[in-house]
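Work through the exercises below with the structure in view. Try each task before reading its solution.

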Amino acid sequence: MGVSNIDERNWPKSHPWGPRELELLEEALGGNDWSHTSMCREFEAKFARFVGTAYALMVPSGTSAIYLSLLAGGIKPGQEVIIPGITWPSVVYAILKSGGVPRTVDIDPDSFCMSAKTIKRSLNEKTFAILATHLFGSQCEMNDICNLASKNGILVIEDAAQSIGSIQDSRHCGTWGSFGSFSWNDKKVLACGEGGVIVTNDGAAYEELLRLQLILPERDRIPRHVPGTYKVSEFQGAVAIAQLERLERRLAKMAKGAKLLEKIILDQGSQKIAIQKKPDKSDLQSYYNFCLKIDGVEDSSRIIKELSARLGCRVTKPYKPISKISDFKPTREYYDKRIWRNLNETHEICDLAYRSLCLRLPFFVLEAEDTLLVEAARIIVELVEEHTG
Ligand SMILES: *Cc1c(COP(=O)(O)O)cnc(C)c1O
């Protein structure tokens with residue numbers, strides 16, 4: 001007799017909110033300026049304090065955070081930026097827009113993140129930066145990546161869109177490199193509708209970011225790159241402040257939920273399932289997704305469809321490898337040969353992850369009651385056994 005299905009209404013909301021959000025939104029509405037002023041500045045100060053950097057700047061998205069970091073970091077046309085072969089594809093556009101050339105590298109088969117080992121062989125005289133990207137429920141090993149970068153005189157920018165609150169070797173993810181970018185898009189653990197933030201400890205870079213963020217007629221110093229309008233509204237700032245106040249509690253709940261899910265899955269003795277591996281020095285993991293690796297499944301599409309139906313929440317595959325994204329194909333004439341070649345480079349583990357061996361549960365699942373998590377774990381094991389048996 002199998003475990004019964006879970007009704008989607010049983011899961012927690014992805015973004016809890018209450019009187020505090022309303023109070024701050026009302027305050028923002030009553031302010032004299034609805035654009036990037038006191039609320040956003042307050043969030044920036046609080047966020048910088050939270051992660052432990054000197055500066056933070058709110059921007060409209062995680063994608064623009066990466067774009068502006070590349071500009072402030074001084075990228076020159078044609079220089080390469082290293083990204084994992086599976087990632088959110090908007091980062092490709094952020095790099096292209098900055099004049100850079102994206103170059104993909106493989107991921108580690110157990111952590112599903114890029115590593116110094118997978119990055120090393122792609123370094124060349126054109127490499128400008130490594131976009132160290134923490135994916136799903138794990139982190140890149142940052143000591144190794146920072147050592148490799150400093151030995152080769154290249155910049156580290158961290159794409160921490162999926163790892164708000166993760167801590168490694170006593171430092172927040174996003175604060176290891178010259179710049180760290182976060183996203184407050186609706187799908188992220190901390191959200192304010194849309195938005196993002198750049199953190200840095202470099203005062204001169206922060207000044208450059210301020211110049212890039214806003215065009216002012218009286219400006220006496222022109223930025224090195226063409227500035228734009230990268231401000232956000234006070235309403236985003238207001239919601240972000242209130243959501244940040246909830247964050248530590250949510251992180252603790254997620255960590256507890258992940259531990260329980262992991263324990264129940266492993267206790268059932270399934271030899272087919274492994275949990276996405278975290279670095280040894282990971283002190284705290286924030287979960288954009290709880291990610292599982294499955295052995296012996298040729299194509300995970302069916303299992304994912306059935307699991308979504310039975311769990312009552314959307315289970316997904318890891319990202320499609322960049323080399324397989326057909327969106328890039330109609331515009332191939334637009335790219336020069338090197339960009340096209342780089343985007344088409346295939347990577348064994350990225351391809352394997354997409355074809356078969358991984359599924360992702362959304363973060364809010366981890367905040368559910370223990371009994372629900374136990375049921376979910378049983379359903380997962382039952383289905384995996386059915387499909388691999
Ligand atoms: C969400 C995300 C981004 C982009 O953030 P937006 O705010 O949607 O622009 C970049 N990188 C990763 C890894 C992401 O998950």
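**Exercise 1. Into which domains is the protein chain divided, and how do they meet?**

Step 1. Take the bounds. In this predicted model, the domain assignment gives domain 1 as 19-243 and domain 2 as 247-388.

Step 2. Locate the centres. Over C-alpha atoms, those of domain 1 and domain 2 lie 24 Å apart.

Step 3. Count the contact. Domain 1 brings 35 residues and domain 2 brings 39.

Step 4. Look at the domain 1 side. Strand 3 and strand 6 (167-168) each supply at least two residues there. Strand 3 gives the most, with 5 residues. By class, this side has 15 nonpolar, 14 polar and 6 charged residues.

**Exercise 2. Trace the open sheet: in what order do its strands run?**

Step 1. Read the order. The 7 strands follow 1-9-8-5-4-2-3, with mixed pairing.

Step 2. Find the edges. Strand 1 (55-59) and strand 3 (101-105) each pair on one side only.

Step 3. Check the twist. Neighbouring strands are turned by 25 degrees against each other on average, direction ignored.

Step 4. Add the helix. Helix 7 (residues 203-213) packs on the sheet and touches strand 1 and strand 9 (196-200). The directions of helix 7 and strand 1 make about 15 degrees.

Step 5. Zoom in on one pair. Strand 2 (residues 80-84) and strand 4 (residues 127-133) are parallel, over 3 bridges. Ile-82 has Ile-130 in strand 4 as its bridge partner.

**Exercise 3. Which residues are the closest to the ligand?**

Step 1. Count the shell: 14 residues surround the ligand.

Step 2. Name the closest: Ser-61, Gly-62, Thr-63, Ala-161 and Ser-183.

Step 3. Sort the shell by class: 3 nonpolar, 10 polar and 1 charged.

Step 4. Find contributing helices. Helix 3 (62-72) and helix 4 (90-97) each supply at least two shell residues.

Technical notes
Residues are numbered from 1 along each chain as its sequence is written. This is a predicted model: local features need pLDDT of at least 70, side-chain atom pairs count only at pLDDT 80 or more; totals for chains, interfaces and linings use all residues. A residue is near a molecule or strand if its C-beta atom, placed from the backbone, lies within 6 Å of it. Helices (H or I, at least four residues) and strands (E, at least two) are DSSP runs, numbered from the N terminus. Ala, Val, Leu, Ile, Met, Phe, Trp, Tyr, Cys and Pro count as nonpolar, Asp, Glu, Lys and Arg as charged, and the others, Gly among them, as polar. Two strands pair if DSSP finds at least two bridges between them. Axes are lines fitted to C-alpha atoms, for helices over the stretch in contact, and angles run from 0 to 180 degrees between N-to-C directions. Two residues are in contact if their C-beta atoms, placed from the backbone, lie within 7 Å. Domain bounds come from an automatic or database domain assignment.
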